[in-house]
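Please find below a colleague's note on the structure under review. The comments concern its sheet and its pockets.

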Amino acid sequence: MVSVLVAPDKFKGSLSADDVARALERGLLEGAPHARVSRLALADGGEGSVAAACSGRFSPEEIIVTGPTGQPVTALVAVHGRTVLIEAAAICGLGVLPGGHKAPLTATSRGIGQAVQYALAGGPDTVDTIVLALGGVATTDGGAGLLQSLGAVLAGEDGTPVGQGGGALAGLHTADLTEARAALAGVDLVLATDVDNPLLGPTGTAAVYGPQKGATASDVRALDAALGTFVRRLQEAGVADAVRLAEAPGAGSAGGLGYAGMLLGGRVRSGADYFLTLLGADDLLAGSDLVVTGEGSLDEQSLSGKLPVALARRAGRQGKDVHAVAGRCTLPADRAAAHFRSVQALTDLTDQDCAKDSALSARLLTQCGRSLADRWIGREGSETGR
């Protein structure tokens, strides 16, 4: 009997990772009823990270926190043992903006700090690791809201706290991170991201990601200048590593949440690789004969270590064949073949825009699963096509 591991990322805007895995599993079992199929929904730190964790060994817990524009947001965190996973996109993401109205200058990360407080509430005997899954946020506040929630003093010249959002940091006069840093003492803070941008400048968080959060060209300049003020005020306050950390790869992730996390002693980890380890992918790979993965778009960015390629590299070290399914694939055949035994793209199966039709995407993924079974497994569940 052939054991198949189905381990995809989400198809953004269409299907969750678990939805993708279930559709592929359905097709695989239609084509090879005797195969044994295991599902592993994957995430790399962006949207869907909590759902992926909870489809495995993590359990969901519901919290109510402050959303990006100050409204209450109900979100889930994932808990396993003494590890708590917090997904930034679920708390201050573009998807939770009221009415979808973007607020590039005023959106706040305060809710992330409240989620961290929730994780810490049980004391050191209940949590020793907090994972911040960084990606997909509506904020560009350098993580100032997060820091304030944990007790940091960020005040204007009159001594009152600065307002919410990155734009308000232009008026920052004094800063003190003592209480916020003390709150995380003894906790391993993991910053899961595959973004390597610094905080400031032409490749910084405002310049690169601000426009997709609604920032105009003048907004981008204002946000970058305000974040620069933030860094200078921290340096003046005696935060010795304020400038160095602002220049570090990953400081610009999630609107600067990466920077705030580093100020609190957090360590940046590749989101894809960290989640593969966190979700136990290596053990599942070891027990599989064939691996199926995928994501919404297989492209040049995928080769920089996104989930399907990261999984294929791990599987390759164990001598496993990996097959990929994508919403679309723009990789040249030779570059795709370096990682995957086969690639199927939904855009090759329909003229319709399946990215906006989840039911169609699911049907096509089931078709892809059947095709994989027919070619690579066979009706009796033994491997073929080698």
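The numbered points below begin with the sheet and then turn to the pockets.

1. The model is predicted, and the comments that follow should be read on that basis. Residue numbers run from 1 along each chain as its sequence is written.

2. The sheet. An open sheet is formed by 6 strands, and its pairing is mixed. The strand order is E3-E4-E5-E6-E9-E10. Strand E3 (59–66) and strand E10 (267–269) are the edge strands, each pairing on one side only. From one strand to the next, the twist averages 30°.

3. Pairing around strand E6. On one side, E5 and E6 pair in the parallel sense over 5 bridges; here valine 84 has isoleucine 130 in E6 as its bridge partner. Strand E6 (residues 129–133) also runs parallel to strand E9 (residues 188–192), and 5 bridges join the two. Among the bridge partners in E9, aspartate 188 is matched with threonine 129, and alanine 192 with alanine 133.

4. Burial of strand E6. How many of the residues of E6 are buried? The count is 5 of its 5 residues, and the strand is mostly covered. Thr129, Val131 and Ala133 point one way from E6, whereas Ile130 and Leu132 point the other way; all are buried.

5. The helix across the sheet. Helix H4 (residues 110–120) lies across E3, strand E4 (72–80), strand E5 (83–87) and E6. Relative to E3, helix H4 runs at about 135°.

6. The largest pocket. The space in the largest pocket amounts to about 1,300 Å³. Its lining consists of 43 residues, and those nearest its centre are Lys12, Asp44, Gly46, Gly136 and Lys306. Helix H2 (49–54), helix H3 (88–92) and strand E11 (290–298) are the elements that give two or more residues to this lining. By residue class, the lining of the largest pocket comprises 13 nonpolar, 18 polar and 12 charged residues.

7. The second largest pocket. What volume does the second largest pocket have? The value is about 170 Å³. This pocket is lined by 17 residues, with Lys10, Leu15, Ser16, Ala17 and Gly48 closest to its centre. Two or more residues of the lining come from each of helix H1 (17–31) and H2. The residues lining the second largest pocket divide into 8 nonpolar, 4 polar and 5 charged.

8. An element common to both pockets. Helix H2 gives two or more residues to the lining of the largest pocket, and H2 also gives two or more to that of the second largest pocket.

Note on methods
Predicted model: local features only at pLDDT ≥ 70, side-chain atom pairs only at ≥ 80, totals over all residues. Heavy atoms only, no water. 1 Å grid on protein atoms, 1.4 Å probe; cavity = no way out; pocket = protein on both sides within 12 Å on 5 of 7 lines; lining within 4 Å. Points joined across faces, edges and corners; volume = space filled by probe spheres on them. Helix = DSSP H or I, 4+ residues; strand = E, 2+ residues; numbered from the N terminus. Nonpolar A, V, L, I, M, F, W, Y, C, P; charged D, E, K, R; others polar. Pairing = 2+ DSSP bridges. Axes fitted to C-alpha atoms, helices over the stretch in contact; angles between N-to-C directions. Contact = heavy atoms within 4.5 Å. Buried < 20%, exposed > 50% of the residue type's maximum accessible area, 1.4 Å probe, protein only.
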